[in-house]
Structures are given as C-alpha cells and as structure tokens.
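Dear colleague,

I am handing over the structure below, together with some notes on what was found in it. Please keep in mind while reading that it is a predicted model.

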Amino acid sequence: MYTEKSQSLFERAGHCIPGGVNSPVRAFKSVGGTPLFIKKAKGAYLYDADNNAYIDYIASWGPMILGHAHGPVIEAIREKALESTSYGAPTELEIDMAELIQDMAPNVDLVRMVSSGTEACMSALRLARGYTGRNKFIKFEGCYHGHADAFLVKAGSGLATLDIQTVPGITGGVSQDTLTCPYNDLAAVEGLLEAHRGEIAAIIIEPVAGNMGCILPAPGYLESLRHLCIREGIVLIFDEVMTGFRLSAGGAQQTLGVDADLVTFGKVIGGGLPVGAFGGKKEIMKHIAPLGNVYQAGTLSGNPIAMIAGYTTLKILQDNPDIYHELETKTLYLRDGLRHACRQSGTPAVVNQLGSMISLHFSEQPVTNFSSAAASRNDLFNRFFHAMLRRGIYLPPSAFESWFLNNALTREDLDRTIGAATESLLEIGAGN
Ligand SMILES: *Cc1c(COP(=O)(O)O)cnc(C)c1O
C-alpha cells in the first residue's frame, strides 16, 4: 500500500495548519504514522489521495449513518444550493427541521439549531445555569462535550488520546465550577450533591459514552441520575451528540427509556454538514433569547444547506425504521466476529457495543469507566490500528473513540473486517 501522496500532503499541511490538521485526533499522534488524506468517499468506502480504498468505521465520527454520498442527501443539497446558500433570515425549512426533531426525539418541546455539538452543549449548560441561577455542574470523567472551556476537564477522547491533563487557557475560575466524577459511579455523584447542595445547575452525561471507547451505562444508573436531579432541582442534560438519531430515531432517551430535561445533538443531525441543536422542556427552553434573557445566537444557525442535509437524513431514518434494526444486526455480527477473533488468538479483549456503536479494548477487566478504559493495553490497540489500516480497514485512530457503523456496510465488508482483525491480532502477536 503506497501512501506517498498523503505523506507529502501532510508535510505541506504542516507549514500552514497547526499539526497539519483541523481537529487533533486526525493527526494520528497516538497511533503514530502519517494521517491519510481523503479524496472522496462513497457508501462504506473511503478513498485516500493515493487511491487506496478503506472500509470506513468512523463515518465522519458518526454523521454518515446512511453511508457516504448517499444519493437523496446529495441531490437535496445540490438542489438547495441553487437557491443561495445562506440568508440570515428565517426559512420554512427550519420549521420543518424543528418539527421533525420534535417528532423523533422525546422531551423536545422547543429546539434551537446551532452549527456544532460544541455549541449545543455550551448553550445547554448556559441555559441550565440561567434557568437555575446556579453555577456548578457535574460531568463524568472521560465524557466529551465539545471544546467549550467549562467542559475541558477530564474530557476523554482527543484529550485522553494526546494525554492532555490540564488545558492551558482555561482559567481557574471556570474550572472550579466543573465537578467531575467517574462514569457509572452513583455514590460519587451523591457525594458531590451533598458537598455542593443548592449550587449545582446541571448534570451532563453521554447516556452511552463514546469518547473513551464505547461504554454503556450500568443498569439503573441513568434512572438514578434522573431521580437525583428531580430531588435536587438540577437540570439533567443528555449529550446525545453521538447517540441522537443513531441508537434509534429517539436516541438514547428512547432506547434506554430515560427522560432528560435538555438534550444536545450534533453529528447525525447534520447528515455530514456542520449542525448541532439543543432542545428540551418548554419550561426551561423558554429562557432562551428572544423568549428569555439567556443569550445564544449564530450567523449560520439554521443554514439552509446544513438544514436540508440534516432534514433529508433524519427523514430517511424516520421513514425507514428498519435501518436501525439492520445497523444493529450488522454491529452484533461484527461484535461476535471480533470476540471470536480475539479468543482465537488468545487476546484478552472487551468488545462493548450498543446499537451501531462499538469499540474494542485490549483489557482483561470489564471496561465501564475512564480508568478501566485507560488501563487497557492501548499500545496494543495502536499496533492493531495500523495492522487493520494496512488491510484496508479504517478504524478511529485512538482506543478512546467509539467506532460507528454505517448502513452501506455489507455482510461481505464485515467478513473482510473480521478476517483482517484475525490476521492483525496474529501479526501483532497480541496473544503472547
Ligand atoms: C463530538 C461530540 C461533541 C462535540 O461536537 P462537535 O460538533 O465536534 O463540536 C459533543 N459531545 C459529544 C458526546 C460528542 O461526541
């Protein structure tokens, strides 16, 4: 496999873009080597600058749930673009989008569109603070809620990948209001509530975590958080940027049967364009400007091209609920294949999975929170990553990321992936 063009592009990028990339994990820093520059993608396949083909398990970190360059989505974008790409004034399409989200996602009385998951989480937190008149909030170690200042404390994902402990540029004043505790640990949450009674505006959580690999909530955990929030007058925010419209049409709230007060969206909601949203109960959402005084705005919020890409994607998902079943069936097949490959090569491994989210940790212990994810043999993952890449399988370049399946994947693609995993595990001598 030749990657000369990617290598020379990376070299060129280094002279004009910090680290050669516009988002850190793309740089392959933890797995090592040169990132591939992608030229195009179709269905389940990515093509790099040297024309190598890869089966894609990133799906742009989630959005490409239907596969790349999905016909109806591309057609809708093309048509919409002819009518101009932005107005900065309201359009009917924004109402269609909001109504569709109301229909699909539980507990969304009102929804505001933004341009990224970061903006969605940042705005939801500001709203929870404005609504409750409290400053502090609880987040969980290893959960990522975008790169707004308040969230960059024990934030999993890219920070964990690059081993960044504290982030220069975040003031002590900001981080003192961010309380953290381990995922799936209820006593730790109760301890924080006790120590900061009446000061906590919100608990924000990835209902299924995807930024320390894929980690499931322990049975009853989210329900317990729900009860604690009601008891303490705290806003429960589900960060569904990964899970929304992916685990099911109604996201984790629907799949797991737990209600949030506010929900944030990103990734799938934009169908591959820059879109985020936050929404929730009217009682809280009515505090957002211009209804209320909690300010939030965006020049390109509700942008027509972004809206049509998102709307078309969501509508396809709503009209074809079988897609979720198909995705899950494929993911279970992959899960079983990976587990088998690991057993065969004598490699201790944990494959966590829910719906079309899945990840592989080289661990002998269950992986249920950030410390167990970090205690896995991530050196082994890095070698596995490259062994897979050489075989044309494009996994997220970090053990701290969930893989995302897209529905263009065929049984043949999955078999190739499992075959590649079997070979890769043997090649890296993982069982020894
Ligand atoms: C990706 C992600 C975000 C941030 O979204 P961006 O669009 O990258 O700003 C927030 N929360 C979760 C759970 C995410 O996975």
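**Helix packing, a cavity and an aromatic pair**

Helix α7, which covers residues 186-195, packs with helix α8, residues 221-232, at an angle of about 10°, and the axes of the two helices are 11 Å apart. Since angles under 35 degrees count as roughly parallel, α7 and α8 are therefore roughly parallel to each other. On the α7 side the contact is made by Leu186, Val189, Glu190 and Leu193, which meet Tyr221, Ser224, Leu225, Leu228 and Glu232 of α8. Sorted by class, the residues of this contact between α7 and α8 comprise 6 nonpolar, 1 polar and 2 charged.

Turning to internal space, the structure holds 1 cavity of 30 Å³ or more, and the largest cavity has a volume of about 30 Å³. Its lining is formed by Arg134, Leu193, His196, Arg197, Gly198, Glu199, Ile200, Glu232 and Ile234, so that Leu193 of α7 and Glu232 of α8, which take part in the helix contact, also belong to the lining of the largest cavity. By class, that lining has 3 nonpolar, 2 polar and 4 charged residues.

As for the aromatic side chains, the count comes to 12 aromatic pairs. In the pair of phenylalanine 140 and tyrosine 221, the ring centres are 6.1 Å apart and the planes stand at 75°, so the pair is edge-to-face. Because phenylalanine 140 lies in strand β5 (residues 136-140) and tyrosine 221 in helix α8, this pair ties together parts that are 81 residues apart in sequence.

With best regards

Methods: Residues numbered from 1 in each chain as written. Predicted model: local features only at pLDDT ≥ 70, side-chain atom pairs only at ≥ 80, totals over all residues. Heavy atoms only, no water. Axes fitted to C-alpha atoms, helices over the stretch in contact; angles between N-to-C directions. Helix = DSSP H or I, 4+ residues; strand = E, 2+ residues; numbered from the N terminus. Parallel < 35°, antiparallel > 145°, perpendicular 65-115°, else oblique. Contact = heavy atoms within 4.5 Å. Nonpolar A, V, L, I, M, F, W, Y, C, P; charged D, E, K, R; others polar. 1 Å grid on protein atoms, 1.4 Å probe; cavity = no way out; pocket = protein on both sides within 12 Å on 5 of 7 lines; lining within 4 Å. Points joined across faces, edges and corners; volume = space filled by probe spheres on them. Phe/Tyr/Trp six-rings, centres within 6.5 Å; stacked < 30°, edge-to-face > 60°.
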